[in-house]
Amino acid sequence: GTWTEENPITIDAASDVSLLIDGNNEYAFFFDAVQRSLIVASRTQPGGNWAIELVDNASPIVGRSPQPEIGSDGTIHVAYLDIAESKVKYAKKTPAGSWQAENITAILEFDPSNVVLALDTLGVPVISFRDGGKDSVFLAELDAGAWQISEVQGDFADFSGSDIEIFIDNFNKPWIIYNYLTSIGELRMVYRTEQGSWNPVSVIANDAQIAEIFDFHLVDRDFYIIGKKDQINNRGLGLLRSINGLNTFSDP
(Lines give C-alpha, C1' and ligand atoms only; values in the text may rest on other atoms or scores of the structure.)
Protein backbone atom coordinates (compact mmCIF):
# COMPACT_ATOMS: atom_id res chain seq x y z
CA GLY A 1 0.00 0.00 0.00
CA THR A 2 0.85 3.69 0.05
CA TRP A 3 0.80 6.28 2.78
CA THR A 4 -2.35 8.39 3.07
CA GLU A 5 -2.80 11.50 5.19
CA GLU A 6 -5.94 12.93 6.73
CA ASN A 7 -7.03 15.21 9.57
CA PRO A 8 -9.21 13.53 12.21
CA ILE A 9 -9.87 16.96 13.71
CA THR A 10 -8.90 20.53 12.86
CA ILE A 11 -8.03 22.75 15.81
CA ASP A 12 -5.58 25.56 16.40
CA ALA A 13 -3.15 23.51 18.50
CA ALA A 14 -2.80 19.84 19.41
CA SER A 15 0.06 18.13 21.22
CA ASP A 16 0.99 15.01 23.19
CA VAL A 17 -0.50 12.68 20.57
CA SER A 18 -0.70 8.96 21.31
CA LEU A 19 -2.05 6.38 18.85
CA LEU A 20 -3.91 3.21 19.83
CA ILE A 21 -5.09 0.56 17.37
CA ASP A 22 -6.85 -2.76 17.87
CA GLY A 23 -8.23 -5.13 15.25
CA ASN A 24 -11.18 -2.94 14.28
CA ASN A 25 -10.63 0.59 15.58
CA GLU A 26 -8.21 3.48 15.60
CA TYR A 27 -7.89 5.93 18.50
CA ALA A 28 -5.83 9.12 18.55
CA PHE A 29 -5.55 10.66 22.02
CA PHE A 30 -4.21 14.19 22.27
CA PHE A 31 -4.08 17.29 24.42
CA ASP A 32 -6.20 20.08 22.96
CA ALA A 33 -4.19 23.19 23.77
CA VAL A 34 -7.17 25.43 23.03
CA GLN A 35 -9.63 23.72 25.36
CA ARG A 36 -6.75 22.50 27.54
CA SER A 37 -8.46 19.14 27.75
CA LEU A 38 -7.92 15.48 26.85
CA ILE A 39 -9.61 14.52 23.57
CA VAL A 40 -9.82 11.25 21.63
CA ALA A 41 -10.60 10.90 17.94
CA SER A 42 -11.77 7.40 17.01
CA ARG A 43 -13.12 5.50 14.04
CA THR A 44 -13.80 1.99 12.82
CA GLN A 45 -11.15 1.12 10.28
CA PRO A 46 -10.78 1.18 7.42
CA GLY A 47 -12.49 4.21 6.01
CA GLY A 48 -14.88 5.05 8.82
CA ASN A 49 -15.79 8.54 9.93
CA TRP A 50 -13.89 10.08 12.81
CA ALA A 51 -15.83 10.63 16.04
CA ILE A 52 -14.51 13.19 18.53
CA GLU A 53 -14.99 12.66 22.26
CA LEU A 54 -14.05 14.70 25.28
CA VAL A 55 -12.31 12.45 27.82
CA ASP A 56 -11.57 14.96 30.59
CA ASN A 57 -11.82 18.72 31.09
CA ALA A 58 -12.19 18.74 34.88
CA SER A 59 -9.40 21.27 35.50
CA PRO A 60 -7.86 24.23 33.65
CA ILE A 61 -4.99 22.12 32.19
CA VAL A 62 -5.66 18.39 32.07
CA GLY A 63 -4.70 15.67 29.59
CA ARG A 64 -0.96 16.02 29.06
CA SER A 65 1.10 12.91 28.19
CA PRO A 66 -1.79 10.49 27.53
CA GLN A 67 -0.81 6.83 27.70
CA PRO A 68 -3.58 4.56 26.34
CA GLU A 69 -3.97 0.79 26.29
CA ILE A 70 -6.84 -1.48 25.25
CA GLY A 71 -7.81 -4.69 27.02
CA SER A 72 -8.90 -7.97 25.47
CA ASP A 73 -12.50 -7.12 26.45
CA GLY A 74 -12.37 -3.89 24.44
CA THR A 75 -12.10 -1.59 27.46
CA ILE A 76 -9.90 1.43 26.74
CA HIS A 77 -7.62 2.67 29.52
CA VAL A 78 -5.65 5.91 29.54
CA ALA A 79 -3.36 7.50 32.15
CA TYR A 80 -2.45 11.18 31.89
CA LEU A 81 -1.36 14.26 33.82
CA ASP A 82 -3.36 17.09 35.30
CA ILE A 83 -0.87 19.95 35.16
CA ALA A 84 -3.07 22.56 36.85
CA GLU A 85 -3.62 20.41 39.94
CA SER A 86 -0.30 18.53 39.76
CA LYS A 87 -1.72 15.01 39.83
CA VAL A 88 -1.93 11.75 37.92
CA LYS A 89 -5.32 10.78 36.48
CA TYR A 90 -6.82 7.70 34.86
CA ALA A 91 -9.88 7.19 32.66
CA LYS A 92 -11.51 4.15 31.12
CA LYS A 93 -14.33 3.37 28.74
CA THR A 94 -16.01 0.00 28.28
CA PRO A 95 -17.37 -0.90 24.82
CA ALA A 96 -20.93 -0.01 25.87
CA GLY A 97 -20.09 2.73 28.34
CA SER A 98 -18.89 6.30 28.55
CA TRP A 99 -15.63 7.81 29.77
CA GLN A 100 -15.12 7.57 33.53
CA ALA A 101 -12.20 9.58 34.95
CA GLU A 102 -10.67 9.37 38.41
CA ASN A 103 -7.71 10.67 40.38
CA ILE A 104 -4.71 8.46 41.02
CA THR A 105 -3.00 11.01 43.27
CA ALA A 106 -4.34 13.89 45.31
CA ILE A 107 -3.89 17.56 44.40
CA LEU A 108 -0.25 18.65 44.87
CA GLU A 109 0.64 15.35 46.58
CA PHE A 110 3.34 14.73 43.96
CA ASP A 111 5.05 16.66 41.19
CA PRO A 112 4.39 14.19 38.35
CA SER A 113 6.33 14.84 35.18
CA ASN A 114 5.95 11.50 33.37
CA VAL A 115 3.35 8.76 33.44
CA VAL A 116 3.22 5.31 31.81
CA LEU A 117 0.52 2.64 31.83
CA ALA A 118 0.47 -1.12 31.25
CA LEU A 119 -2.16 -3.84 31.62
CA ASP A 120 -1.51 -7.07 33.51
CA THR A 121 -2.57 -10.48 32.24
CA LEU A 122 -6.10 -9.91 33.58
CA GLY A 123 -6.43 -6.52 31.92
CA VAL A 124 -5.98 -4.58 35.17
CA PRO A 125 -4.16 -1.22 34.73
CA VAL A 126 -0.81 -0.62 36.40
CA ILE A 127 0.54 2.94 36.34
CA SER A 128 4.03 4.25 36.99
CA PHE A 129 5.03 7.89 37.21
CA ARG A 130 8.04 10.03 37.96
CA ASP A 131 7.92 12.60 40.73
CA GLY A 132 10.09 15.48 39.58
CA GLY A 133 10.22 16.96 43.07
CA LYS A 134 11.57 13.85 44.82
CA ASP A 135 13.38 12.66 41.69
CA SER A 136 11.95 9.19 42.16
CA VAL A 137 9.50 6.75 40.56
CA PHE A 138 6.22 5.48 41.98
CA LEU A 139 3.88 2.63 41.09
CA ALA A 140 0.10 2.80 41.38
CA GLU A 141 -1.94 -0.43 41.51
CA LEU A 142 -5.54 -1.33 42.22
CA ASP A 143 -6.20 -3.16 45.48
CA ALA A 144 -9.81 -3.98 46.34
CA GLY A 145 -10.93 -1.23 43.99
CA ALA A 146 -8.70 1.49 45.49
CA TRP A 147 -5.44 2.85 44.12
CA GLN A 148 -2.39 1.99 46.21
CA ILE A 149 0.80 3.97 45.58
CA SER A 150 4.25 2.69 46.49
CA GLU A 151 7.68 4.15 45.92
CA VAL A 152 9.79 1.95 43.69
CA GLN A 153 12.80 0.90 45.66
CA GLY A 154 16.19 0.97 43.98
CA ASP A 155 19.02 3.44 43.47
CA PHE A 156 17.21 6.55 42.28
CA ALA A 157 19.43 9.07 44.06
CA ASP A 158 21.01 10.12 40.76
CA PHE A 159 18.03 9.51 38.53
CA SER A 160 17.40 12.63 36.52
CA GLY A 161 16.13 11.31 33.21
CA SER A 162 12.70 12.45 32.20
CA ASP A 163 11.92 9.21 30.39
CA ILE A 164 10.60 6.05 32.03
CA GLU A 165 8.92 2.96 30.59
CA ILE A 166 7.02 0.04 32.15
CA PHE A 167 5.82 -3.38 31.10
CA ILE A 168 4.22 -6.36 32.82
CA ASP A 169 5.58 -9.83 32.07
CA ASN A 170 3.64 -13.08 31.82
CA PHE A 171 4.01 -13.63 35.59
CA ASN A 172 2.42 -10.20 36.26
CA LYS A 173 5.82 -8.94 37.35
CA PRO A 174 6.26 -5.19 36.68
CA TRP A 175 9.50 -4.00 35.06
CA ILE A 176 10.51 -0.33 34.90
CA ILE A 177 13.41 1.13 32.91
CA TYR A 178 14.89 4.58 33.38
CA ASN A 179 17.86 6.81 32.64
CA TYR A 180 20.66 6.86 35.23
CA LEU A 181 22.80 9.97 35.54
CA THR A 182 26.06 8.87 37.16
CA SER A 183 27.26 6.96 34.10
CA ILE A 184 26.85 8.65 30.73
CA GLY A 185 24.20 6.91 28.75
CA GLU A 186 23.56 4.21 31.33
CA LEU A 187 20.12 2.68 31.58
CA ARG A 188 18.77 0.69 34.48
CA MET A 189 15.84 -1.62 35.05
CA VAL A 190 14.09 -2.55 38.26
CA TYR A 191 11.74 -5.47 38.68
CA ARG A 192 9.64 -6.61 41.62
CA THR A 193 10.29 -10.03 43.08
CA GLU A 194 7.72 -12.49 44.37
CA GLN A 195 8.48 -11.20 47.87
CA GLY A 196 7.63 -7.63 46.89
CA SER A 197 11.12 -6.09 46.89
CA TRP A 198 12.54 -4.12 43.96
CA ASN A 199 15.76 -5.37 42.36
CA PRO A 200 17.83 -3.10 40.10
CA VAL A 201 19.38 -4.54 36.95
CA SER A 202 22.10 -2.52 35.26
CA VAL A 203 21.94 -2.45 31.47
CA ILE A 204 25.63 -3.22 30.95
CA ALA A 205 27.69 -2.97 27.78
CA ASN A 206 25.70 0.03 26.62
CA ASP A 207 28.25 0.97 24.00
CA ALA A 208 25.54 2.83 22.14
CA GLN A 209 25.37 5.22 25.13
CA ILE A 210 21.61 5.35 24.95
CA ALA A 211 20.25 7.93 27.37
CA GLU A 212 16.91 9.46 26.56
CA ILE A 213 14.54 9.51 24.80
CA PHE A 214 14.21 5.72 24.48
CA ASP A 215 11.63 3.00 23.96
CA PHE A 216 11.75 -0.71 24.68
CA HIS A 217 9.81 -3.89 24.08
CA LEU A 218 9.72 -7.47 25.26
CA VAL A 219 9.06 -10.02 22.48
CA ASP A 220 8.72 -13.48 24.03
CA ARG A 221 11.91 -13.42 26.14
CA ASP A 222 13.91 -10.99 24.03
CA PHE A 223 14.46 -7.42 25.21
CA TYR A 224 14.91 -4.60 22.69
CA ILE A 225 15.87 -1.03 23.65
CA ILE A 226 16.21 1.77 21.11
CA GLY A 227 17.01 5.37 21.89
CA LYS A 228 18.93 8.55 21.23
CA LYS A 229 22.68 8.28 21.69
CA ASP A 230 24.37 10.53 24.24
CA GLN A 231 27.67 11.16 22.47
CA ILE A 232 29.03 14.60 21.67
CA ASN A 233 29.76 13.74 18.05
CA ASN A 234 26.94 11.27 17.52
CA ARG A 235 23.34 12.05 18.44
CA GLY A 236 21.95 9.26 16.31
CA LEU A 237 20.06 6.14 17.39
CA GLY A 238 21.38 3.13 19.23
CA LEU A 239 19.90 -0.34 19.64
CA LEU A 240 20.41 -2.76 22.53
CA ARG A 241 19.06 -6.26 22.80
CA SER A 242 19.18 -9.16 25.21
CA ILE A 243 18.22 -12.40 23.51
CA ASN A 244 16.37 -15.05 25.50
CA GLY A 245 15.92 -12.92 28.58
CA LEU A 246 18.07 -11.65 31.43
CA ASN A 247 19.63 -13.92 34.01
CA THR A 248 17.29 -12.39 36.61
CA PHE A 249 14.30 -13.14 34.41
CA SER A 250 14.33 -16.86 35.34
CA ASP A 251 13.16 -16.53 38.95
CA PRO A 252 11.13 -18.28 39.99
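**Strand pairing and the nonpolar core**

Val-115 stands opposite Phe-129, a residue of strand E10. The model shown here is predicted, and this pair is a convenient place to start reading it.

Strand E9 covers residues 112-119, and E10 covers residues 125-131. The two strands pair in the antiparallel sense, over seven bridges. They belong to an open sheet of four strands, whose order is E9-E10-E11-E12 and whose pairing is antiparallel. Its edges are E9 and strand E12 (146-151), each of which pairs on one side only. Averaged over the sheet and with direction ignored, neighbouring strands are turned by 25° against each other. Strands of a sheet pair through backbone hydrogen bonds, in either a parallel or an antiparallel arrangement.

Another antiparallel pairing involves strand E7, residues 87-93, and strand E8, residues 100-103. Four bridges link E7 and E8. One of the paired positions is Lys-92, whose bridge partner in E8 is Gln-100. The connection from E7 to E8 is a hairpin of six residues.

Which residues have the most contacts inside the largest nonpolar core? They are Val-88, Ile-104, Val-115 and Ile-127, in a core of 14 residues. Val-115, met above opposite Phe-129, is thus named again here. Two or more core residues come from each of strand E6 (76-82), E7, E9, E10 and strand E11 (136-143). The largest share, three residues, is supplied by E9, which is also an edge strand of the four-stranded sheet. In soluble globular proteins, nonpolar side chains tend to be buried together.

The surroundings of Ile-104 can be followed residue by residue. Leaving aside residues up to four places away in sequence, Ile-104 touches Val-88, Lys-89 and Tyr-90, together with Ile-127, Ala-140, Trp-147 and Ile-149. Two of these partners, Val-88 and Ile-127, are listed with Ile-104 among the core residues with the most contacts.

The last step is the protein as a whole. Its secondary structure comes to zero helices and 19 strands. Of its 252 residues, 45% count as buried. Among contacts with a separation of 6 or more, 36% are between residues 24 or more positions apart. The exposed area is about 13000 Å², and carbon and sulfur atoms supply 48% of that area.

Conventions:
Residues numbered from 1 in each chain as written. Predicted model: local features only at pLDDT ≥ 70, side-chain atom pairs only at ≥ 80, totals over all residues. Heavy atoms only, no water. Pairing = 2+ DSSP bridges. Axes fitted to C-alpha atoms, helices over the stretch in contact; angles between N-to-C directions. Buried < 20%, exposed > 50% of the residue type's maximum accessible area, 1.4 Å probe, protein only. Contact = heavy atoms within 4.5 Å. Areas by Shrake-Rupley, 256 points an atom, 1.4 Å probe, with all protein chains shown as cover. Core = buried A, V, L, I, M, F, W, Y, C linked by side-chain atoms within 4.5 Å.
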